[in-house]
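Biologist: Please take one charged residue in this model and go through its surroundings closely. I would like the salt bridges treated in full, then the parts around them.

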Amino acid sequence: MAVLNINGVDMPTPSQFKPLLSDGDVGSFRNANYRLIRKRKRSDVRSYYVYYSFLNATNTSLLLNAIEPEQFTVICADPKLGSDATITMYSSDVNIEMLDNNKTVSGEKTWKDISFTLVEY
């Protein structure tokens, strides 16, 4: 099984894949005594930081097209479950840099430092 599967398609193996579990708070604040008044709407919202050192043009296109929709289905490792999970997610902004416009690997342009965060919908 691939590290990352989006809408039924195995993605290239990321250089880094970091899970984060966070809470969704709405209107949390501290009162005059500095006590936390917390309004947690949801806990254990999963997100994954995904980073690729280098990808060829074909794999870059595959990845970017997979994370373009407003929401999509991701299958990946879930540290809390201890197994793979199927999650509806969306992508944050994608940061990407071209290695060198004149250099190619196997005849294709190469992209580097591609990063984004997948966030549970």
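Modeller: What follows starts at Arg46 and works outward.

This is a predicted model, so local features need pLDDT of at least 70, side-chain atom pairs count only at pLDDT 80 or more, and totals for chains, interfaces and linings use all residues. Residues are numbered from 1 along each chain as its sequence is written, and side-chain values use heavy atoms, with hydrogens and water left out.

Arg46 sits in strand 6, residues 40–56. Helices (H or I, at least four residues) and strands (E, at least two) are DSSP runs, numbered from the N terminus. Is Arg46 buried or exposed? Arg46 counts as buried, because its relative accessibility is 15%. Buried means under 20% relative accessible area, exposed means over 50%, and partly exposed lies in between (1.4 Å probe, protein chains only).

Which residues does Arg46 touch? Leaving out residues up to four places away in sequence, Arg46 touches Leu20, Leu21, Asp78, Leu81, Ala85, Ile87, Met89, Leu118, Val119 and Glu120. Contact here means heavy atoms within 4.5 Å.

Now the charges. The structure holds three salt bridges. A salt bridge is a side-chain nitrogen of Lys or Arg within 4 Å of a carboxyl oxygen of Asp or Glu. Arg46 forms one with Asp78, and the closest N and O atoms are 2.6 Å apart. Arg46 belongs to strand 6 and Asp78 to strand 7, so the pair ties together parts that are 32 residues apart in sequence. Asp78 is buried, at a relative accessible area of 4%.

Arg46 also meets Glu120 side chain to side chain in a salt bridge, at 3.1 Å from N to O. This pair links distant parts of the chain: Glu120 is in strand 11, Arg46 is in strand 6, and 74 residues separate them. Both Glu120 and Arg46 are buried.

Lys112 and Glu97 form a salt bridge too, with the closest N and O atoms 3.5 Å apart. Here Lys112 in strand 11 is linked to Glu97 in strand 9, 15 residues away. Lys112 counts as partly exposed, at 21% relative accessibility. Glu97 is partly exposed as well, at 38%. Through shared partners, salt bridges join Arg46, Asp78 and Glu120 into one network.

Helix 1 comes next. Helix 1 covers residues 57–66, and its buried residues are Thr60, Leu63 and Ala66. Down the axis of helix 1, these buried residues fall within an arc of 135°, so they line one face of the helix. The arc is that of the directions from the helix axis to the C-beta atoms. The buried residues of helix 1 pack against strand 1 (4–6), strand 6, strand 7 (72–78), strand 9 (95–98) and strand 11 (108–120). That list includes strand 6, where Arg46 lies.

Asn56 caps the N-terminal end of helix 1, with a side-chain oxygen 3.2 Å from the backbone nitrogen of Thr58.

Two loop residues deserve a backbone check. Asn7 lies in the loop between strand 1 and strand 2 (9–10). Its phi is near 50°, a positive value in a residue other than glycine. Asn7 is partly exposed, with a relative accessible area of 45%. Tyr34 is in the loop between strand 4 (29–30) and strand 5 (36–37). Tyr34 is not a glycine either, yet has a positive phi of about 65°. At 61% relative accessibility, Tyr34 counts as exposed.

Methods:
A polar contact is a pair of N or O atoms within 3.5 Å; within protein, one must be able to donate a hydrogen and the other to accept it, and residues adjacent in sequence count only if both atoms are side-chain atoms.
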